[in-house]
Amino acid sequence: MKPTELKVKASYINQYQRHFPLINKDTIINPEDIQKEGSIIHLVEPNGKFIAKGYYGKQNKGLGWVLSDKQHENIDFSFFKKKISNAIDKRKAFFQDENTNAFRIFNGEGDGIGGITIDYYDGYYVINWYSEGAYSFKETVIDVLDEIGEYKAIYEKKRFDTKGKYINDDDFVKGERGEFPIIVKENGMNYAVYLNDGAMVGIFLDQRNVRKIIRDKYAKGKNVLNTFSYTGAFSVAAALGGAKKTTSVDLAKRSKSKTIEQFSANGIDFEEQDIIVMDVFDYFKYANRKNLVFDLVILDPPSFARSKKRTFSTAKDYPSLIKDTIAITGKGGIIVASTNNASFSMKKFKGFIDKGFKDSKTKYKILEEFSLPSDFQVDRNFPQGNYLKVVILEKLSH
Ligand code: SAH
């Protein structure tokens, strides 16, 4: 089939010539000409001159992704094999690390094919498909994984139904079904993961370096509060780093049993830790009433959250989250402020933090910053892909 030609508006030609990977609807003169998810499209100048080729795969981000600037490069098995093999070569150090066996081996546009990521969990692959178009390459990607080497099984997450929600059918693709949880290793810590139980498997791999620094540098002897704690991965790191006590707060009921499981996987007595199922904003009020003071507070909210009482959006509410946190953090205490919201930059995020401190008339010092770890390769022409922003700071005085 002849590729559909999408004409790029004059003012955006330069952007695509400089290898911007995301095909935005606003930049195209004739978006209505696109036909089928997964079809190959050519970006051309209004006069028909070739710029780049890509595929149609509609995500909230855009219409699809650029794959090549070579007009005659075929998007076939050998194309995918080249991209995936290169990506795996770049993760050599991870494959050789005896203390870590869970990491990302293919990170979408960062590894040359937007809309597809592949994670590795101790011999199991989990493929995330972010559009129907991306999913249309399923057979090819699996053929490539088959050829590259042995694995235990492949699972997949389809993250593209029409309501923007995760499609929850069987995630198993092929191989030998796992018995979950499997216990994976990360810098010597154990984490229980479930590959066949919804979009979230129990651990967010992109926070690996933050968990490590919490364990190695910030936790010893501390009274730790982990908010939006999910399965308590940060709490485990803090406890293993010698925290005096950890308190994990999440409003999802199942976070409690999941957190108990993570502690237990590491030989930590969960009864010596607090695991609280509660809205974080109610917990702040409770902690204030009880005059609780923490030495280390971890903030890692979802970009958006709707609970019975309120909606929370990082882009709007982070300053007040910081303000609430300051009120229960001791002088000299450490705050780990994190967000995975791709819609604003690190600079803007620091602005939110600064506003929270100014509103509290409190001084602080930034100690260090983190973004995505190296297995989450970022396309240098698409810095927006580096969504993770973590600022570790010290509260100085009132
Ligand atoms: N920090 C976690 C990941 C957080 S995922 C980690 O490192 O693994 C976001 C979590 O926030 C979810 O578990 C969700 O249940 C929880 N959550 C969302 N809104 C909340 C609220 N208002 N109070 C408490 N938890 C909330």
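**Note on the sheet, its helices and the ligand site**

1. Start with helix H10, residues 314-327. H10 lies across strands S16, S19 and S21 (389-397). Its direction runs at about 160° to that of S19. Bear in mind that this is a predicted model.

2. The strands that H10 crosses belong to an open sheet of seven strands. The order is S15-S14-S13-S16-S19-S21-S20, and the pairing is mixed. Strands S15 (274-277) and S20 (363-370) stand at the edges. Each has a single partner strand, so one side of each is left without a neighbour in the sheet. From one strand to the next, the twist averages 15°.

3. Look next at one pair inside the sheet. S16 (residues 294-299) and S19 (residues 329-339) pair in the parallel sense, over five bridges. Here Ile 298 stands opposite Val 336 in S19.

4. Helix H7, residues 233-240, also packs on the sheet. H7 touches S13 (223-227), S14 (245-250) and S16. The direction of H7 makes about 180° with that of S14.

5. Now the ligand. Which residues are closest to the ligand? They are Phe 228, Asp 250, Leu 251, Val 280 and Asp 300, out of 15 that surround it. The shell divides into eleven nonpolar residues, one polar and three charged.

6. Nitrogen atoms of the ligand have polar partners in the protein. A polar backbone atom of Phe 228 is 3.0 Å from a ligand nitrogen. For Val 280, a backbone N or O atom lies 2.8 Å from a ligand nitrogen. Asp 300 uses its side chain: a polar atom there lies 2.8 Å from a nitrogen of the ligand. The protein covers 90% of the 580 Å² of accessible area that the ligand has on its own.

Notes: Residues are numbered from 1 along each chain as its sequence is written. This is a predicted model: local features need pLDDT of at least 70, side-chain atom pairs count only at pLDDT 80 or more; totals for chains, interfaces and linings use all residues. Side-chain values use heavy atoms; hydrogens and water are left out. A residue is near a molecule or strand if one of its heavy atoms lies within 4 Å of it. A polar contact is a pair of N or O atoms within 3.5 Å; within protein, one must be able to donate a hydrogen and the other to accept it, and residues adjacent in sequence count only if both atoms are side-chain atoms. Accessible areas come from the Shrake-Rupley method with a 1.4 Å probe; for residues, only the protein chains shown count as cover. Ala, Val, Leu, Ile, Met, Phe, Trp, Tyr, Cys and Pro count as nonpolar, Asp, Glu, Lys and Arg as charged, and the others, Gly among them, as polar. Two strands pair if DSSP finds at least two bridges between them. Helices (H or I, at least four residues) and strands (E, at least two) are DSSP runs, numbered from the N terminus. Axes are lines fitted to C-alpha atoms, for helices over the stretch in contact, and angles run from 0 to 180 degrees between N-to-C directions. Contact means heavy atoms within 4.5 Å.
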